[in-house]
Amino acid sequence: MLDNVRKAVFSINGTALFIAVIGVLSSFVTIFVNTSADVSVKWLLLSITLGLYAMVILLKVAHDAIEKGRPLPPFENPIRFVSEPGIFVIRKNEHFLSNILVGCYSQQDGLERLAYIGVVDHVQPTLIQIRIQLDLQILATVPVGPDELKMLEIRPVVPFTAVQQLIRQGN
Amino acid sequence: MNPRYLGKVVSVVNATTVVVNIGADQGVRSGQTFVVVGLGETITDPDTGEDLEQLELVRGRVEATHVQQKISTLTSIDVQRDPDIKEIKRSASAALYSFGPTTESVRVGLDRTKPLISPKVGDYIIED
């Protein structure tokens, strides 16, 4: 946490925020504060500046922490089907580890059915290839178009009965 | 070259063996395993329109079987198994009268080295 605060303060963003805080404060001072008053205005300004600066930095750190901690969804919609090797391509997602079985679920009219069993065949820096291992004949043709692919959801979860079917078929 | 790609295929010896342009000088050791990939189409994110990366077409997993200074010979280590064959032999009496000795035997399929899928000169190798 302290490291995050240090990084946020000593960065270009931190400097820009500092300048912004000074600008806002000076404009308020010009409008509302009588700097010739008996109160030591310079100390007052300094303390307000530092207080506002610290508050903004902490808000930024909190925002970054929330963004960083947000988990990826446990499913992916395929973005492409490549017919030649018979693979679905999905975006990189930490839930899909190399060589695991995955289920491709078809969603139509609010009904969800397991259409294919696949294997995470190859993991690239930003993409993952899912090889179809068993076609359960739920869909007449493999979805290819962008709208059809959005109806398919790939999850690293396969029902036990489907695994048994896979074994029976000798795949 | 992208640091992900350790070397390139410079010769295709046969369906299971290729030669690559990295060897002992680049730290390749005998028995080290790699994946041979060819580069396919560029995949675009349909939501953002951003080009993600080129699809890597996996040719197969290989092992360094012979390492020279600047080149190495890599051989496929993927295995494919022939289907098991079940044989049922009936004696003549069993065939005619539904009784008599019948023997069943299962010939277990052989494990064979799986050939690489269309390897080409210019394909890349990456860490396994």
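A residue is called buried if 20 or more other C-beta atoms lie within 10 Å of its own, exposed if 12 or fewer, and partly exposed in between, with C-beta atoms placed from the backbone. By that rule, buried residues make up 15% of the 171 residues in chain A. This is a predicted model, in which local features need pLDDT of at least 70, side-chain atom pairs count only at pLDDT 80 or more, and totals for chains, interfaces and linings use all residues. Residues are numbered from 1 along each chain as its sequence is written, while chains are lettered from A and ligands numbered from 1 in the order in which they are written.

**View 1. Chain A has 5 helices and 6 strands.** Helices (H or I, at least four residues) and strands (E, at least two) are DSSP runs, numbered from the N terminus. Read from that end, the elements follow the pattern α-α-α-β-β-β-β-β-α-β-α. Two residues are in contact if their C-beta atoms, placed from the backbone, lie within 7 Å. Among the contacts in chain A with a separation of 6 or more, 59% join residues 24 or more positions apart.

**View 2. Here are two helices of chain A, helix 2 and helix 5.** Helix 2 (residues 12-32) of chain A reaches 30 Å from its first C-alpha to its last, close to the 30 Å expected at 1.5 Å a residue; the expected span is 1.5 Å times one less than the number of residues. The number buried among the 21 residues of helix 2 of chain A is 1, so this helix lies largely in the open. Helix 5 (residues 160-168) of chain A is hardly covered, with 0 of its 9 residues buried. After helix 5 of chain A comes Gly170(A), which has a positive phi near 70°.

**View 3. An open sheet of 6 strands belongs to chain A.** Its strands stand in the order 1-2-5-4-3-6, with antiparallel pairing; two strands pair if DSSP finds at least two bridges between them. Strand 1 (80-82) and strand 6 (152-155) of chain A are the edge strands, each pairing on one side only. Within the sheet, strand 3 (residues 101-108) and strand 4 (residues 111-123) of chain A are joined by 8 bridges. Look for Ser106(A), which stands opposite Arg113(A) in strand 4 of chain A.

**View 4. In chain B, 6 strands close into a barrel.** The order is 1-2-5-4-3-10, and the pairing is antiparallel. Strand 1 (residues 7-14) and strand 2 (residues 17-20) of chain B pair over 4 bridges, and Val9(B) has Val20(B) as its bridge partner. Elsewhere in chain B, strand 7 (residues 85-90) is hardly covered, with 0 of its 6 residues buried. Strand 7 of chain B is joined by 6 bridges to the antiparallel strand 8 (residues 102-107) of chain B.

**View 5. The largest nonpolar core has 36 residues.** A nonpolar core is a set of buried Ala, Val, Leu, Ile, Met, Phe, Trp, Tyr and Cys residues joined through C-beta atoms within 7 Å. Those with the most contacts inside this core include Phe88(A), Cys104(A), Ile154(A) and Val36(B). Strand 4 of chain B supplies the largest share of the core, 6 residues. Leaving aside neighbours within four places in sequence, Cys104(A) is in contact with residues including Phe88(A), Tyr116(A) and Ile154(A).

**View 6. Chain A and chain B meet at a contact of 12 residues from chain A and 10 residues from chain B.** Strand 4 (residues 51-67) of chain B gives the most to the side of chain B that touches chain A, with 6 residues.
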